[in-house]
Amino acid sequence: MSEFVIPAPPVPAVPVRGGGLFPVRRIFCVGRNYAAHAREMGHDPDREPPFFFTKPADAIVTGGEMPYPAATSELHHEVELVVAIGAGGRDIAETDAKAHIWGYAIGIDMTRRDLQAEAKKLGRPWDMAKGFDHSAPIGEIVPVGNFGRFESGHILLNVNGAERQEGDLLDMIWSVPEVIAALSRLVELQPGDLIFTGTPEGVAEVKRGDELEAMISGLPPLRVRVV
Ligand code: MN
């Protein structure tokens, strides 16, 4: 019946708070979207336009464990607010952006920092530093209907119970509507797209056995163990 010559891959999906699954089409990530983090990475956090990189859709991790990846000795955590796109579009106006959001979740943009540093030095792409297998742990998606506005709130990440990252969504250089507007000028957003919106300061290394706990006010916490 099917004309696929090998079995079609399954659709990656994120559990939704209250039931159901959100199918993932693409994962976009914003770089350097908190000034203090831009500074800790050695950059001047001027309002240069936001820039984006991607991870494969099947990089999501929805269970409680992520395997320590190959080819790195410096795996870093980056806790981020994730926006789930429910309605696609191109050239979306900031004032219309909210209508395209289906829900929110907590994500961790796991990064092979040593590979990223090498890529930066050599002017190479970040793909292998950012888009590796299991590089996108994500918590349950909460439908947007549960929020009035969702632009401020505490964001933090603990490792083995000790605080590593702490900030406020208000500290984003580019707000969620601005990010959606900018991204939709580069690609046509589609239902199922996820956007990781950048991380506050305090990114640091994790080892096998570490327990990560990521929290954003109003969202279910995300707990991941590196194995
Ligand atoms: Mn990030």
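Begin with the lining of the second largest cavity in this predicted model, whose residues divide into 7 nonpolar, 2 polar and 4 charged. The space enclosed there is about 80 Å³, and of the 13 residues that line this second largest cavity, the ones to select are Arg-32, Pro-45, Asp-46, Glu-48 and Ile-173, which are the closest to its centre.

Keep Arg-32 selected and turn to the largest cavity, which holds about 110 Å³ of space; Arg-32 is again among the residues closest to the centre, together with Gly-31, His-37, Glu-78 and Trp-126, out of 17 lining residues. The lining of this largest cavity divides into 5 nonpolar, 5 polar and 7 charged residues. Strand 3, strand 4 and helix 2 (113–122) each supply at least two residues of that lining, and the largest share, 3 residues, comes from helix 2. A search of the whole structure finds 2 cavities of 30 Å³ or more.

Next, display the open sheet of 6 strands, which has mixed pairing and the order 4-3-15-8-9-12. Strand 4 (51–55) and strand 12 (142–143) stand at its edges, and because each has a single partner strand, one side of each is left without a neighbour in the sheet. Within the sheet, select strand 8 (residues 79–85) and strand 15 (residues 194–196), which pair in the antiparallel sense over 3 bridges; here Val-82 stands opposite Phe-196 in strand 15.

Finally, add helix 4 (residues 176–183), which lies across strand 3 (27–31), strand 4, strand 8, strand 9 (101–108) and strand 15, and which runs at about 60° to strand 8.

Terms used:
Residues are numbered from 1 along each chain as its sequence is written. This is a predicted model: local features need pLDDT of at least 70, side-chain atom pairs count only at pLDDT 80 or more; totals for chains, interfaces and linings use all residues. Side-chain values use heavy atoms; hydrogens and water are left out. Two strands pair if DSSP finds at least two bridges between them. Helices (H or I, at least four residues) and strands (E, at least two) are DSSP runs, numbered from the N terminus. Contact means heavy atoms within 4.5 Å. Axes are lines fitted to C-alpha atoms, for helices over the stretch in contact, and angles run from 0 to 180 degrees between N-to-C directions. On a 1 Å grid over the protein atoms alone, a cavity is a set of points where a 1.4 Å probe fits but cannot get out, and a pocket is an open set with protein on both sides within 12 Å along at least five of seven lines; lining residues have an atom within 4 Å of a point. Grid points are joined across faces, edges and corners, and a volume is the space filled by probe spheres set on the points. Ala, Val, Leu, Ile, Met, Phe, Trp, Tyr, Cys and Pro count as nonpolar, Asp, Glu, Lys and Arg as charged, and the others, Gly among them, as polar.
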